[in-house]
Amino acid sequence: MLNLAGVHGFRAVTMRLLADHLGVTVRALYNYVDDRQEIVDRASQLFAAEWPVPRLDPQAWEHSIAEYGTALRAAYRRYPRALLVSLDEQIRDPAVHPDRLTHTDALLGMLRTIGLSVTEAQIVHRDLTIRVFGFVLLMDYRHDLGYPVMDNTPVPPHWLAAHPHLAVPHLREAVAAAPLMSVDEAFDHTMYGLIITVRDLLAAAQDAR
């Protein structure tokens, strides 16, 4: 279920698709589970169990954030479309893996230790989630399928070609310059943006004192 959902999304994985993938009948699946919901719950638990344990050091918080973000990216990249499980499925509360709680607590704890407020720590946690989720879904997923995602520009080149006399010099410059970096360099830049956010929050707190 998790492998199939990582490619197609949970909503697309029916009992029939799962049975065909395993080379068994749908009836045979019910020898092991009560219903599809049980498989979804187990797959979600497995997904969370594969989350990396954060190695967080308040004395080296910038490195810790970048390292944790990179580790999360690697874990999510194995099952990119499974990230949409909260949109596609209803996960029963007992199915939530404890690592989903302890890892989040560890990150919030480090952010509080370096001087962020409860609200600011939650902002950074949410920002990290959005950055990693978004990057895996919009960049890594398509890159791993063979699409030249780093060739992407603010608008497709053929749009400009359709308007050769339109005065849009900055767009033409951007299109001509692509690709600017590799997909890994782009992710590093994304994480650096989060680190800048934390620096700004800490500086603002220092000024307030």
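This is a guided tour of a predicted model, taken one selection at a time.

Before starting, note that residues are numbered from 1 along each chain as its sequence is written. Because the model is predicted, local features need pLDDT of at least 70 and side-chain atom pairs count only at pLDDT 80 or more, while totals for chains, interfaces and linings use all residues, and side-chain values use heavy atoms, with hydrogens and water left out.

**Stop one: the start of the chain**

Select L4, which is placed in helix α1 (residues 2-8); helices here are DSSP runs of H or I with at least four residues, strands are runs of E with at least two, and both are numbered from the N terminus. L4 has a relative accessible area of 8% and is buried, where buried means under 20% relative accessible area, exposed means over 50%, and partly exposed is in between, for a 1.4 Å probe and protein chains only. If neighbours within four places in sequence are set aside, L4 is in contact with G9, V13, L17, L18 and H21, contact meaning heavy atoms within 4.5 Å. Now add P164 to the selection: L4 and P164 are 160 residues apart in sequence, and their C-alpha atoms are 45 Å apart in space.

**Stop two: salt bridges**

Side chains of opposite charge can pair when their charged atoms come close. Over the whole structure, a search finds 12 salt bridges, each being a side-chain nitrogen of Lys or Arg within 4 Å of a carboxyl oxygen of Asp or Glu.

Begin with E89 and R36, whose side chains meet in a salt bridge at 2.8 Å, N to O. Since E89 lies in the loop between α6 (85-88) and α7 (99-113) while R36 is in helix α4 (residues 36-49), the pair ties together parts that are 53 residues apart in sequence. E89 is buried, at 12% relative accessible area, and R36 is partly exposed, at 22%.

Next select E67 and R55, which form a salt bridge whose closest N and O atoms are 2.6 Å apart. This pair links distant parts of the chain, with E67 in helix α5 (residues 61-77) and R55 in the loop between α4 and α5, 12 residues apart. E67 counts as partly exposed at 25% relative accessibility, whereas R55 counts as exposed at 59%.

**Stop three: along helix α5**

Stay in helix α5 and select S64, a residue that is buried, with a relative accessible area of 3%. Apart from neighbours within four places in sequence, S64 is in contact with R55, L56, D57 and M110.

Further along, select R77 together with D140, and look for the salt bridge in which their side chains meet at 3.6 Å, N to O. R77 lies in helix α5 and D140 in helix α8 (residues 118-144), so the pair ties together parts that are 63 residues apart in sequence. Which of the labels buried, partly exposed and exposed fits D140? D140 is buried, with a relative accessible area of 0%, while R77 counts as partly exposed at 24%.

Widen the selection to R73, R77, D140, D144 and D184, which are linked in a network of salt bridges. R73, also in helix α5, is buried at 7% relative accessible area. Neighbours within four places in sequence aside, the contacts of R73 include V132, F135, D140, D184 and F187.

**Stop four: helices side by side**

Two packed helices are described by the angle between their axes and the distance between the axes.

Select α8 and α11, whose axes come within 11 Å and cross at roughly 170°; axes are lines fitted to C-alpha atoms, for helices over the stretch in contact, and angles run from 0 to 180 degrees between N-to-C directions. The two helices are therefore roughly antiparallel to each other, given that angles under 35 degrees count as roughly parallel, over 145 as roughly antiparallel, 65 to 115 as roughly perpendicular and the rest as oblique. Among the residues that make this contact are V124, L128 and F135 of α8 and F187, L194 and L201 of α11.

Then select α7 and α8, whose axes come within 9 Å and cross at roughly 130°, which makes α7 oblique to α8. Here T104, L107, L108, L111 and R112 in α7 meet V118, A121, Q122, V124, H125 and L128 in α8.

**Last stop: a cis peptide bond**

Finally, select A178 and P179, which are joined by a cis peptide bond with omega about -5°. P179 lies in the loop between α10 (169-177) and α11 (183-208).
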